[in-house]
Amino acid sequence: MFNARLDQLPAYPFPRLATLLDGIEPGQPPLVMSIGEPQHEPPAMITDAMVKHASLWHKYPPGAGTPELRDAIKNWLDRRYNLPADMINRDDHVLPVAGTREALYLIATTVIPQDQPGPKPKVLLPNPFYQVYCGAAVLNDAEMVPLAAGPDNGFMPDLDQIDPSDLDACALFFLCSPANPQGAIASRDYLEQIIALARKHDFVLAMDECYADIYDRTAPTGALEICAGQGGNMDNILVFHSLSKRSSAPGLRSGFVAGDAKIVKRFTALRSYCSATVPMPVMAASTMLWNDDAHAEANRDLYRAKIDIAEEVFGNRFGFYRPPGGFFLWLDVGDDEAATQKIWKETGVKVIPGSYLSMTDAKGNNPGKRYIRIALVHDLETTRDGLTRIAQALDN
C-alpha cells in the first residue's frame, strides 16, 4: 500500500543526528547550531503587511501569485542582477511558490521523463547537498549521480570530470550557489560552462540561489546574469529564491521560481493539482520584502560580524576559512560523528556531521566525513558563546 521508493531514501539528517546523540547528557545548557534556521528579528513590515491585509484571509489565493508580488520579484531580479528591463516578464517567467523546498522537489516531477525507453534518467547533484535534491530524484525514479564538491575543486563539482554519458542521460542538474554547506560561490565562468552544458545535453539546470543575498565581500553572480549576457536566453534555466534566509523569515514559506517560460508554464500546471498556494496576506508581506533591500543589507552585515567572530575564535585551525556566501561554517574535524558527540557531551552545542549531508559514492568515499557544519543563525553574543564552546571541545 506504500510507494516502495520511500524505502530507497536515506535517513534524513536531523532524525539521524538525534539518534547519534541519544543518551548523551550535554555538559552545558543546550544550544542548537545544527539547523539553518535564522534567528534574527524578522522585519517589522511583515507584521504590518499581515495586519493591513488581514481581510484577505477569506480569499483563495491565485496560484500564480498576485500581479503586485510578481512585479516585486521581477524588479528585485532586475536590481540584484542588473538585468535588462525587458528580459523578465512577470507573467511568463516568474512563479511564486510556498517556499523553495517544495519547489525544488516538484520541479523534478515536472521535468524528469517517466516513460522514455532505455536506462533511467539521471539527476546530477553536488555532494554534499541539500537533502531535498535526493528526495526529488529518488521519488521520481531517477538515478542520482553525486558529484564530489570538496576543497580540491573549490567546493563545486568539477564539470570537466563528469562522465559524458551522465550528461547525456541527465534530466535535471541541481546546483546551489552560494553552496550549502560550504559557502562556495560559482564564478561567472563556471556558470557559463554549466549553462552551456545544460543546453548542449538538454537538461534543466535548477539553480538554488536561496543564499544569494548573504555574502561576505562579493555579491554572487546569478544564473540569470549569465543569461542576460547571452541576449536574455533563459532556455533550460530555472533559479530558485526564498525569503527564509534573505529576510530571516523561514516561517513565511514564501519564495519563487524564475526562468525558462516553457518550464514555468508546465510547472504552474503541475502545481495547480498538488501545491499549496501562498496566502494573500503572506503575498502582501512578501511583496514588501522583495521591494526593500535595506533590511537584507542589515541582515548581511550581521552575518559578516558573526564570520568575524568565527575567524577570531578558530583562526587557521580546523580548516577554517571565511565562507564567501551563506551562513555556515564547514570545519575539518577528522571524524565528524565523534566530534559531534564530543562537542555535545562537553559543551551542549549541537552541530551536524558532514557525512549526514553527503552521499557515500561507489568507491565508498563520503566527502563530508571529515567535516561538521555549524549554522551561524543566532545573535552575536550567543554565536560567540557557541563557537567558543565548540573550539574548547575540539582543542581538548
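Q: How much surface does the protein expose, and what share of it do carbon and sulfur atoms supply?

A: Keep in mind that this is a predicted model. The exposed surface of the protein is about 16,900 Å², and 51% of that is supplied by carbon and sulfur atoms.

Q: What share of the residues counts as buried?

A: Of the 396 residues, 56% are buried, where buried means a relative accessible area under 20%.

Q: What does the radius of gyration say about the overall form?

A: The idea is to set the value beside what a compact globule of 396 residues would have, which is near 21 Å. The protein has 21 Å, so it agrees with that expectation. For the extent in space, a box along the principal axes that holds the C-alpha atoms is roughly 55 × 55 × 50 Å.

Q: What share of the contacts joins residues far apart along the chain, counting from a separation of 6 or more?

A: Here 77% of those contacts are between residues 24 or more positions apart. One pair of distant positions to look up in the viewer is lysine 59 and proline 281: they are 222 residues apart along the chain, yet their C-alpha atoms are separated by 9.8 Å.

Q: Where is lysine 59 found?

A: Look in the loop between α2 (44–52) and α3 (67–81). Lysine 59 has a relative accessible area of 42%, so it is partly exposed.

Q: How far apart are the mean positions of the positive and negative charges?

A: The protein has 37 positive and 49 negative charges, and their mean positions are 3 Å apart.

Q: How many helices and strands are there?

A: There are 14 helices and twelve strands.

Q: Which strands pair with β3, and in which sense, parallel or antiparallel?

A: A good way to read a sheet is to go from strand to strand and note each partner. Strand β3 (residues 122–127) runs parallel to β4 (residues 143–148), with six bridges joining them. β3 also runs parallel to β5, this time with three bridges. From there, β5 pairs with β6 (residues 204–208), again in the parallel sense, over five bridges.

Q: Which residues stand opposite one another in these pairings?

A: Start at valine 123, which stands opposite methionine 144 in β4. In β5, the bridge partner of valine 123 is leucine 172. Leucine 172 in turn has valine 204 as its bridge partner in β6.

Q: Are β3 and β5 buried or exposed?

A: In a regular strand the side chains alternate between the two faces of the sheet. In β3, six of the six residues are buried, so this strand is largely enclosed by the rest of the structure. β5 is mostly covered too, with seven of its seven residues buried.

Q: What is the order of the strands in the open sheet of three?

A: The order is β9-β12-β11, and the pairing is antiparallel. β9 (328–332) and β11 (352–353) are the edge strands, each pairing on one side only. Two bridges join β11 to β12 (residues 371–375), and proline 353 stands opposite isoleucine 372 in β12.

Q: Why do a positive phi or a cis peptide bond deserve a second look?

A: Because most residues other than glycine have a negative phi, and most peptide bonds are trans. Let's take the peptide bonds to begin with. The bond joining asparagine 127 and proline 128 is cis, with omega about 15 degrees. Proline 128 sits in the loop between β3 and α5 (131–138). Another cis bond runs from serine 177 to proline 178, with omega near -5 degrees. The loop holding proline 178 is between β5 (170–176) and α7 (188–201).

Q: And which residues other than glycine have a positive phi?

A: Among them are serine 248, with phi near 50 degrees, and phenylalanine 318, with phi of about 55 degrees. Serine 248 is in the loop between α9 (243–246) and β8 (255–259). Phenylalanine 318 lies in the loop between α12 (294–314) and β9.

Q: Are these two residues buried or exposed?

A: The cut-off to apply is that buried means under 20% relative accessible area. Serine 248, at 3%, counts as buried. Phenylalanine 318 has 18%, so it is buried as well.

Key
Residues are numbered from 1 along each chain as its sequence is written. This is a predicted model: local features need pLDDT of at least 70, side-chain atom pairs count only at pLDDT 80 or more; totals for chains, interfaces and linings use all residues. Side-chain values use heavy atoms; hydrogens and water are left out. Helices (H or I, at least four residues) and strands (E, at least two) are DSSP runs, numbered from the N terminus. The radius of gyration is taken over C-alpha atoms; the globule rule is 2.2 Å times the number of residues to the power 0.38. Buried means under 20% relative accessible area, exposed over 50%, partly exposed in between (1.4 Å probe, protein chains only). Contact means heavy atoms within 4.5 Å. Accessible areas come from the Shrake-Rupley method with a 1.4 Å probe; for residues, only the protein chains shown count as cover. Lys and Arg count as positive and Asp and Glu as negative; His and the chain ends are not counted. The place of a charge is taken as NZ of Lys, CZ of Arg, CG of Asp or CD of Glu. Two strands pair if DSSP finds at least two bridges between them.
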